[in-house]
Amino acid sequence: MLSRVGSSIYWMARYVERAENLARFIDVTLNVILDHSTEEQWEPLVRATGDEEYFDKHYGAFTSENVRHFLTFDRDYSNSILSSVSMARENARTVREAISSEAWETLNEFYLYVKNAAATGVTSANSEFFTGVKKFSHLFGGIFDSTMSRDKGWHFANIGRYLERADKISRILDVKYFTLLPNVAAIGTTVDDLLWSSVLRSVSGFEMFRKQYHTITIHRIVDFLVLNTRFPRAIHYCVRTAGDSLSQVGGPECESNQALLLVAEIEGHLANTHNETIINGGLHEFIDALQISLNGLGTAINDTYFSRRRTRTNTRMSQSQRSLSH
Amino acid sequence: MTNLTFDAYDTTGYFDEMFLEDRSPRQGAERLLQRINSLPPGELRARQQEIESALLRMGITFTVYGDQAGTEKIFPFDVIPRIVQASDWRHIEAGLKQRINALNKFIDDVYHDQLIVKDEILPREILEKAKSFRPQCIGLNPPKGIWCHITGTDLVRHTDGAIYVLEDNLRCPSGVSYVLQNRLVMKRSFPQLFTDSGVRPVVNYPSQLFQTLSSVAPHGMSDPTVVVLTPGIYNSAYYEHSFLAQQMGVPLVQGEDLVVENDRVYMFTTDGLEQVDVIYRRIDDDFLDPESFRPDSMLGVPGLLNVYRKGNVALCNAPGTGVADDKVIYAYVPDMIRYYLDQEPILPNVPTYICQREEDRKYVLAHLGELVVKAANEAGGYGMLVGPHSTLDEQREFAQRIEADPRNYIAQPTLSLSRVPTMVGDHFEGRHVDLRPYVLYGDSIWVLPGGLTRVALKKGSLVVNSSQGGGSKDTWVVDIQRTDTADDSSI
């Protein structure tokens, strides 16, 4: 698989996942403020992006309208839903021959859906729209999964999707924790159900959580969203899944390349940590370190597979063999 | 909804590809006519629309340069196919094989000893001023001595019923993807008709192309790595590059994906560098290699020509073939056939006046209103004067151009191109067509049955190019002996 093509597929998947996660968070915030109408509810969303400076410069107040426009339809903000879906489509367009035609057509429809909503203004950034974004993301993912052979292309997309998810879950967890628990003394108590429920709902994990844990405590939240290996939006699950796909994409140094080493390290760390350790050491510090590791992993993936490396292949595969791995 | 019939269809004045003068169908068109006449009202139009939707969905587009925002457009399509009778096809096929054979020998000669010039068949000044002659290619020896692996030759039929060669396209001829996709959508719309009419399949073009490309791999290697090199998504023919790569099952690469090292070409893959042996390059010579051609090209691969020179990569078509795309050189192709093959041309050129020759020039200047004047190296219908449709001012302007640079111009009588019935509103009208068969030259010379029929959709227009209001039709080579069209179902 051409490096450029692998990179485009990887980023296509990352951008779709980015758009979906953003839609989820905004949607949940919208629902929460129906009971709890404060400007405070919108600020964490902006903080979670890490782009407060841009927001400050272009918007100022954390009003519902400002934040929703910023995150949904701002075409000059590279991480808005509109920008993310546009980038996903652009990446797919240059590698159309590498993905199924159904996947391309769905992504194209997704893009048109968001573009058309953006044209009508921020009032369209409502619950119905965000549900639509989620649906399109699911549709795209489902079609992608059911129409692509499990070859390198599919695996690179899978890696992109799950790494992006891990990153986004960690951010929202970090920000919510910071906002909701500034007071160390409150650790270990049954916290405000409503606000933590909103976090769980934003990852579609509320029912799953309840089934496993019943009542909400910080330790259980951390267990579920960080360490769990069964729930598909838990960070550990995401890292493990990305790691599985990484081991499938091969490479001449596939036993020991930097990306594989790093993902094994992160996964191992998550596998051997207990929620007590995380809370005691500080959830924020833990997530900070995790994000740095995930960034490092992203860089390693780029360097190993997508950058224009000069290492020679070990064996000359025949065209027919090669077509199996494209 | 009115029924579309041929009752009022007018064939006067031009050769009609479907009907004889008495309005009975030509041999091979009977079933088609029967089918059209038996369709319920509105059905043909409905199928036309279905086909157009299918083409849109499949994204069969081309980009028009100079159009605002470089928009993608669907290449317009008309559902009535153009029929080519078996006897006509045999003639065309033989003529094309002969022509490509001669052209290949010419190109090879021109980059070696130039015997055709020494023997005074082709004047030296003509060759020297051929814009696409590439001195960088002098002395090069492509594998098996083949320079033009993929050719698209444009043919037209005049009112006299004879088929003439309008021009050869020896650099990056495009359009074959439309041929394949037109056939695909037509078969879905009229499945029974294909079986009944004995239309020759086109479905094996990609495998023939792959075989042709593989056959010229360096050092005769078996199982070479073949790639399609594209300038990228903003190129007007990008869809075709992508389509052919996919159909052949080979990587579609851009210049940035390739690198030259150790006198070989490699592509950057997620596994590291992988050697490339044959490149089907859809990039013009000028942009192929900044070290040998235009240094400002961002589309090519630095050092590529060197690898080619050393015989470690095959480039299809070979650099330098553009010399024969020159319209003045075209005028000498019949002489080439005589000179290299000692044969008379099977397919004639359109009669051509060469403005370089004083007598021809005088005639042309005196008859500008009747002739089609063409600049030697323009494409797509640009740089052309269509005498009968031009104003006196335009003619005067062209006269000046000819006087200033006579070597650069040829002129031909206006041909009355043949016509094919085309849906216009609620009835049929004849529209002018040409035909571009595709010729592959590998271990042998192979001609795709049929080719691209381009149709001038505007009433009375003779200009068939996609950039100027042309569209296409499916082309049927009807071979009544053959009935095994089952092969065609696998597209």
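Let's start where two parts of chain B meet: 14 residues of domain 1 of chain B are in contact with ten residues of domain 3 of chain B. Keep in mind that this is a predicted model. On the domain 1 side of that meeting place, the elements giving two or more residues are helix 5 (124-128) and helix 11 (327-330) of chain B. Sort that side by class and you get five nonpolar, four polar and five charged residues. The C-alpha centres of domain 1 and domain 3 of chain B are 25 Å apart.

To place these domains, look at how chain B is divided. Domain 1 is built from three stretches, 30-201, 325-348 and 418-490. Domain 2 takes 225-276 and 278-312, while domain 3 covers 353-413.

Now for a sheet in chain B. Here's a bit of background: strands of a sheet pair through backbone hydrogen bonds, and they can do so in a parallel or an antiparallel way. In chain B you can find an open sheet of three strands in the order 8-9-10, with antiparallel pairing. Why do strand 8 (258-261) and strand 10 (272-276) of chain B each have one side without a neighbour in the sheet? They stand at the edges, each with a single partner strand, so nothing in the sheet sits on the other side. Ignoring direction, neighbouring strands here are turned by 40 degrees against each other on average.

Walk along the sheet and you can follow the pairing. Strand 8 and strand 9 of chain B run antiparallel and are joined by four bridges; one partnership has Val259(B) matched with Tyr266(B) in strand 9. The hairpin of these two strands has two residues between the strands, and Asn262(B) takes a positive phi near 50 degrees there. On the other side of the pairing, strand 9 (residues 264-269) meets strand 10 of chain B over five bridges, again antiparallel. There, Met267(B) stands opposite Glu274(B) in strand 10. Strand 8 of chain B also has two faces to look at: Leu258(B) and Val260(B) are on the covered one, and Val259(B) and Glu261(B) are on the uncovered one.

Over to chain A, which has 16 helices and zero strands. Of its 326 residues, 46% count as buried. Among the contacts in chain A with a separation of 6 or more, 71% come from residues 24 or more positions apart.

Chain A is divided too, into domain 1 (1-148) and domain 2 (152-310 + 318-326). Where they meet, 25 residues of domain 1 of chain A are in contact with 26 residues of domain 2 of chain A. Which helix supplies the largest share of the domain 1 side? That would be helix 1 of chain A, with 16 residues. By class, the domain 1 side has 15 nonpolar, four polar and six charged residues.

Next, the largest nonpolar core, with 234 residues. The members touching the most other members are Ile9(A), Leu225(A), Leu103(B) and Ile279(B). Helix 1 (residues 3-33) of chain A gives the largest share of this core, 14 residues. Leaving out residues up to four places away in sequence, Leu103(B) touches Cys148(B), Asp168(B), Leu170(B), Ala324(B), Val333(B) and Met336(B).

Last stop: Lys115(A), in helix 6 (residues 101-119) of chain A. Lys115(A) counts as partly exposed because it has 15 C-beta neighbours inside 10 Å. Its C-alpha atom is separated by 23 Å from that of Ser202(A), 87 residues apart along the chain.

Terms used:
Residues numbered from 1 in each chain as written. Chains lettered and ligands numbered in written order. Predicted model: local features only at pLDDT ≥ 70, side-chain atom pairs only at ≥ 80, totals over all residues. Domains from an automatic or database assignment. Contact = placed C-beta atoms within 7 Å. Nonpolar A, V, L, I, M, F, W, Y, C, P; charged D, E, K, R; others polar. Pairing = 2+ DSSP bridges. Axes fitted to C-alpha atoms, helices over the stretch in contact; angles between N-to-C directions. Buried ≥ 20, exposed ≤ 12 C-beta atoms within 10 Å, placed from the backbone. Core = buried A, V, L, I, M, F, W, Y, C linked by C-beta atoms within 7 Å.
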